[in-house]
Amino acid sequence: MGVRFKGWGIAVPERVVTNDELSRTLDTSDEWIRERTGIRERRIGGSAGSLGTTAAAAAIADAGVALDSIDFLVLATTTPDRITPATSTTIAANLGLTCPTMDVNAACSGFMFALRTAQGLLETGNKRILVVGSENLSRWVDWDDRNMAVLLADGAGAAVLDYDETGTDVLSFVLGTDGTSADLLSCEHDGFFQMDGKEVFRRAVRVVVDSASEAMERAGVSAEDIALVVPHQANIRIIQAAAQRLGIDMERCVVVLDRYGNTSSSSIPLAFYDARENGRVHAGDYALLTGFGAGMTWASAVVKWS
Ligand code: ACO
């Protein structure tokens, strides 16, 4: 028994901010940002509620299901529109949903933590869950701070998950938190994102490799079996370093950070959606979904697309 992915949707703001545009107000350059991060441009605008609503509506349409068939809405966001009520209630109101809703904050691992939550909800009596990752990171960026301004962006992605008593798309899940690393990457109320980039980089590679290895072991697959890696989109060099250590070539890794930057909880569904649009997702294939974020948190899952 388990979980089936039924439909996906995304939303990104219209406004494109290129590296050259950032270079006009910051001591940085297109060349530095591309070489050190892989990012060429990002989308800025909207709110977690508005972007999440658009992505969720697209996922529901993609799944071809009725609104009133959704039993629960789980929103992953690091940047809720306000402290309370939860931004998931805004999305529910916009869509006309009256099912229970809640927000999950696990920073850039958020979509994976929300998926894990949905899996639990499906295995304990719910039939259909809407999982959304939505971020408005730009609101919490000091646009005079080149360390963060070149990295973070806005966007949303969503998936509809169904319960299936005959089988599951999700073969394994490995999640973790190291709360002693909180100071490496944080944002206080009324503050801005701050980060020790080098240390986050080092630890990110380590937790992705460890959790991905364990997730593959638990699923009974090896790196050669993985057709597609859908990684959190923070920095192309983190993806390259982790893929190399896992023995997975870059051709199998989905990369959308060049166009979208780091969209935290939204980056894994944005990457999955791009892969599917480009014909890279096939029934029967194994995929590795893996992410890390502030906390630190991390999460890896092996799925077999049905
Ligand atoms: N533009 C131009 N120059 C810069 C910039 C910039 N934006 N930032 C730093 N530099 C300079 C530095 O001052 C330094 O100059 P120096 O050699 O004269 O001293 C040089 O570039 C190298 O700086 P480093 O900090 O060593 O650069 P690094 O290669 O480590 O790249 C980066 C920095 C991109 C931040 C990298 O460390 C990184 O990607 N870290 C992980 C980020 C991440 O994954 N965050 C987690 C997710 S975010 C979330 O959870 C919300």
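A polar side-chain atom of Thr28 lies 2.6 Å from a nitrogen atom of the ligand, a polar contact, meaning a pair of N or O atoms within 3.5 Å. This is a predicted model, where local features need pLDDT of at least 70, side-chain atom pairs count only at pLDDT 80 or more, and totals for chains, interfaces and linings use all residues. Residues are numbered from 1 along each chain as its sequence is written, and side-chain values use heavy atoms, with hydrogens and water left out.

**Contacts with the ligand**
- Gly197 brings a backbone N or O atom to 2.9 Å from a nitrogen atom of the ligand.
- Asn235 places a polar side-chain atom 2.5 Å from an oxygen atom of the ligand.
- The protein buries 74% of the 1,000 Å² that the ligand exposes when taken alone (Shrake-Rupley method, 1.4 Å probe).

**Who stands around the ligand**
- The ligand is surrounded by 22 residues, of which Thr28, Arg36, Cys108, Lys198 and Asn235 come nearest (a residue is near if one of its heavy atoms lies within 4 Å).
- This shell divides into eleven nonpolar, six polar and five charged residues, with Gly counted as polar and Cys as nonpolar.

**Where the shell comes from**
- Helix 2 (30-37), helix 6 (146-149), helix 7 (197-219) and helix 8 (236-246) are the elements that each give two or more residues to the shell (helices are DSSP runs of H or I, at least four residues).
- Helix 7 supplies the largest share, four residues.
- Domain 1 (2-164) and domain 2 (170-304) each contribute at least three residues to the shell; their bounds come from an automatic or database domain assignment.

Technical notes: A polar contact is a pair of N or O atoms within 3.5 Å; within protein, one must be able to donate a hydrogen and the other to accept it, and residues adjacent in sequence count only if both atoms are side-chain atoms.
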